[in-house]
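Please open the model in a viewer and keep the sequence panel visible. The tour below proceeds by selection, and each stop states what is to be found there.

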Amino acid sequence: MGCSKKVAYNSRQVKLMTGLLLLLPGLIVLFPVQAWALQTHGAPEGIIVHQMAHVFYFGALVYLFWDLRRTMSQGRGWKFLQIFCLLMMLWNILAFVGHQTHLIMDAADFSHEFGYLSSMMLGPFSATKLINYFARLDHLILVPALIFLFLSLRSIYRSTAEGEDS
Amino acid sequence: MTTLPLFPAIFTDMAGSVLVIVLTVLSLRYAYLLTRREPDNFLWGFLFYFCVTLTVFAISRAMGHLVKQVLLIGGHGDVWHGLAPFSGGLNTLLMISLSAVIVFYHKGVEGYQAIRAKALSLKDANAQLNEAADQLRKMNLHLEERVEARTAELSDSEKKFRHFFTNSMDMVYFCNAENRLVNMNRSGLEMLGYPVDDPPPLGLVDLFLHEEELDHYFDSMLKDGFIRDQEVEFVKADGSVLYVHVSANGVFDESGKFTGCEGIAKDLTRVKLMMGQLAGSEKMASVGQMAAGVAHEINTPLGVILGYAQLMMDDFDSDTEERQNLEVIERQTKACRKIVADLLKFSRQSESAREQLSLNEVIGDVMAVTEHTLNMNHITVHRDLEPDLPLVIGDAEKLRQVLVNFINNAHHAMEESGGGDLYLETRTLPASNEVAVMVRDTGHGIPEKIRAQIFDPFFTTKSVGKGTGLGLSVSYGIIQEHGGRIEVVSPAMKDLIDEQSPGTAFHVYLPIHAEENSDVIKD
């Protein structure tokens, strides 16, 4: 049984403790140190947040794909939506990897000598460079993914008129 | 290969960005149309918000890429470097938002689907319930029809049996397990003389006159479960006896326990009376034949004795003892012949004249002779004669003799009590086409044990020498000869029973003669 023993203080002791408590803020102001009251955001934070967003987006697409597979197996529109999820997951991976390779590479890997449209990726080509190059073509995955999204919604919309997919 | 051109990437980026915008907008359109078609569908709502977020993200990203490419192509890389963090930040923000919409909204879809599944389940249950209710309603409708039909059948049956119960001329009764009467029809109560509207509580023990008959009834009921054609005597409300023929069935429950009985009792009183009358008639007929034979046999020697006695009387003087003895013989012989003549009258062997006559006149003739004597003995005569009494065919002399016999018997019955009342009544019975004459006294009545013997020849209650016992026998024979009948009721007045003077009533019924013909008909 946790019975605590009460300690009785007299009025003098109480007054002393009150005085010490009032003195503490004054001592803190008189002797300042580095407080770290506000967190700063350095340069890498943007790309990290963006990459985390890609991971989050990827995770959300995985969940959506899994749930669609689980609950929406009937109907062509839902199949298209699942393909959209797969392609978007792939796009996320590609974008994520593209961003990562971009961090590794530097300005010396590119040549803008003949203008922007004539820009070149300079060799020798490592895997990082090649992956980065292909990552720049991410629309080749993103556009088909959105085509499937479009087909999916159109199919679902049409099928609701026939009362099949809803 | 030492270099790779970035132009394909730039071109793909720009063209792809445009296509991305176009495709997301087109997708958004269909998602919007879906929500318009079914605004309450949560799934379409999810698709719509997903497409909205995706479209915003795609436009932001695509526009960022296009601006980037345009600025870089235009040589404004420094401008793009200034815009890039904002574009990238916005894209990041929108991508996170898109992810959130996917996760959270889709969770909502799950919830919606769960609710929808429940709703569908409820809808199915409701449909099944409606179907069941419909079936129940149909069954109920059918049941109502069946109940109505069955009720009508039961009503008809109840009416039929109620009609039988109420209008049966026989007694119908129902008893409970304690053999108390729970129901008895009107005829039964009337037969027993109880009030129909408010009968008293009765049990079988109150009805049966003889205990042994009741025991037999109970024994048969418990042993056989029924009783058939048992002749019993019931006690009526006024204490008189009702002869009945009882048939009854026991009622038993599933466990075989006796719960009551239901029975029918037929009134046999009239049958008993008729049987008694028939037996009496047969007896009187045989007695009459015997009397006729005896009278014929005795009449001849009596004639010879009377003849010789009268011849011998001529041989002696009137004051001689022989003459006086012969006169006694003559007188007694004549008395014997009178008896023989009465016997012949009883046996209808004597001659009689027949004519149309009024019984009122016959009564008047008789009373002219007898009323004085009656009055002398404190007997008051009350007449209630129907004025227009129909005529009957008969022998006036013989009918007078019948009435004299009845009046003499009444006189004798009231003599002991020092007087009384004599009631004479005539009336017409149209139903039986008869004329009735009643002679009723307030005398001591006729004991039940001798009631069956009063018409026997030579039966008399008078002391020796006061009567021959042929009066009622002769009267019976005369009325039989006239095609009529005699009924005796004693005590005569049930409602005015006086134990000291119960009285006796003789009822004579004679057929009415239809033809108005006063010609004398000789036998």
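**Annotated segments of chain B**

Begin by selecting residues 6–30, 42–63 and 83–105 of chain B, which an unreviewed UniProt entry annotates as "transmembrane region". The model on display is a predicted one. Within this selection, residues 6–30 of chain B are 96% helix and 0% strand, and the C-alpha atoms at the two ends are 36 Å apart. Residues 83–105 of chain B are 100% helix and 0% strand, with end C-alpha atoms 32 Å apart.

**Annotated segments of chain A**

Next, select residues 47–66, 78–97 and 130–151 of chain A, for which UniProt (unreviewed entry) gives "transmembrane region". The span 47–66 of chain A is 100% helix and 0% strand, and its end C-alpha atoms lie 28 Å apart. In the span 130–151 of chain A, helix accounts for 86% and strand for 0%, and the end C-alpha atoms lie 32 Å apart.

**Helices H2 and H3 of chain A**

Now display H2(A) together with helix H3 of chain A, residues 76–104. At what angle do H2(A) and H3(A) pack? The angle is about 160 degrees, and the axes are 9 Å apart. Angles over 145 degrees count as roughly antiparallel, and H2(A) and H3(A) are therefore roughly antiparallel to each other. The crossing of H2(A) with H3(A) is left-handed.

To view the contact, show side chains on both helices. On H2(A), the residues involved include Ile47(A), His50(A), His54(A), Tyr57(A), Phe58(A), Leu61(A), Phe65(A) and Arg69(A). On H3(A), they include Trp78(A), Leu81(A), Cys85(A), Met88(A), Met89(A), Asn92(A), Phe96(A) and His99(A). By class, the contact of H2(A) with H3(A) comprises 17 nonpolar, 6 polar and 1 charged residues.

**Where the two chains meet**

Colour the model by chain and turn to the contact between chains A and B. Chain A contributes 37 residues and chain B contributes 40 residues. On the chain A side, helix H2 (44–71), strand E2 (120–122) and helix H5 (139–162) each supply at least two residues. The side of chain A that touches chain B divides into 25 nonpolar, 9 polar and 3 charged residues.

Zoom in on E2(A) and on strand E1 of chain B, residues 3–5. These two strands run antiparallel and are joined by 3 bridges. Select Met121(A) to find its bridge partner in E1(B), namely Leu4(B). Widen the view to see an open sheet of 3 strands, in the order E1(A)-E2(A)-E1(B) and with antiparallel pairing. Strand E1 of chain A (110–111) and E1 of chain B stand at the edges with a single partner strand each, so one side of each has no neighbour in the sheet.

**Strands E2, E4, E5 and E6 of chain B**

Move to strand E4 (residues 226–235) and strand E5 (residues 241–252) of chain B, which are antiparallel and joined by 8 bridges. Ile227(B) has Ala248(B) in E5(B) as its bridge partner. E4(B) and E5(B) form a hairpin with 5 residues between them, and Gly239(B) in the turn has a positive phi of about 90 degrees.

Continue to strand E6 of chain B, residues 258–267, which pairs with E5(B) in the antiparallel sense over 9 bridges. Here His245(B) stands opposite Lys266(B) in E6(B). The hairpin formed by E5(B) and E6(B) also has 5 residues between its strands. Its turn contains Gly256(B), with a positive phi of about 85 degrees.

Then add strand E2 of chain B, residues 171–176, which pairs with E6(B) in the antiparallel sense over 6 bridges. Ile264(B) in E6(B) is the bridge partner of Val172(B), and Ile264(B) is also the bridge partner of Ser247(B).

**Helices H9 and H10 of chain B**

For the last stop, select helix H9 (residues 359–376) and helix H10 (residues 396–415) of chain B. Their axes are 9 Å apart and the packing angle is about 30 degrees. Angles under 35 degrees count as roughly parallel, and H9(B) and H10(B) are therefore roughly parallel to each other. H9(B) and H10(B) cross in the right-handed sense.

Which residues of H9(B) meet H10(B)? They are Val362(B), Ile363(B), Asp365(B), Val366(B), Thr370(B) and Leu374(B). In H10(B), the residues met include Leu399(B), Arg400(B), Leu403(B), Ile407(B) and His411(B). The contact of H9(B) with H10(B) has 9 nonpolar, 2 polar and 2 charged residues.

Note on methods. Residues are numbered from 1 along each chain as its sequence is written. Chains are lettered from A and ligands numbered from 1 in the order in which they are written. This is a predicted model: local features need pLDDT of at least 70, side-chain atom pairs count only at pLDDT 80 or more; totals for chains, interfaces and linings use all residues. Axes are lines fitted to C-alpha atoms, for helices over the stretch in contact, and angles run from 0 to 180 degrees between N-to-C directions. Helices (H or I, at least four residues) and strands (E, at least two) are DSSP runs, numbered from the N terminus. Angles under 35 degrees count as roughly parallel, over 145 as roughly antiparallel, 65 to 115 as roughly perpendicular and the rest as oblique. A crossing is left-handed if the near helix is turned anticlockwise from the far one by less than a right angle, and right-handed if clockwise. Two residues are in contact if their C-beta atoms, placed from the backbone, lie within 7 Å. Ala, Val, Leu, Ile, Met, Phe, Trp, Tyr, Cys and Pro count as nonpolar, Asp, Glu, Lys and Arg as charged, and the others, Gly among them, as polar. Two strands pair if DSSP finds at least two bridges between them. UniProt positions are given in the numbering used here, feature names are shortened, and annotations may be inferred rather than shown by experiment.
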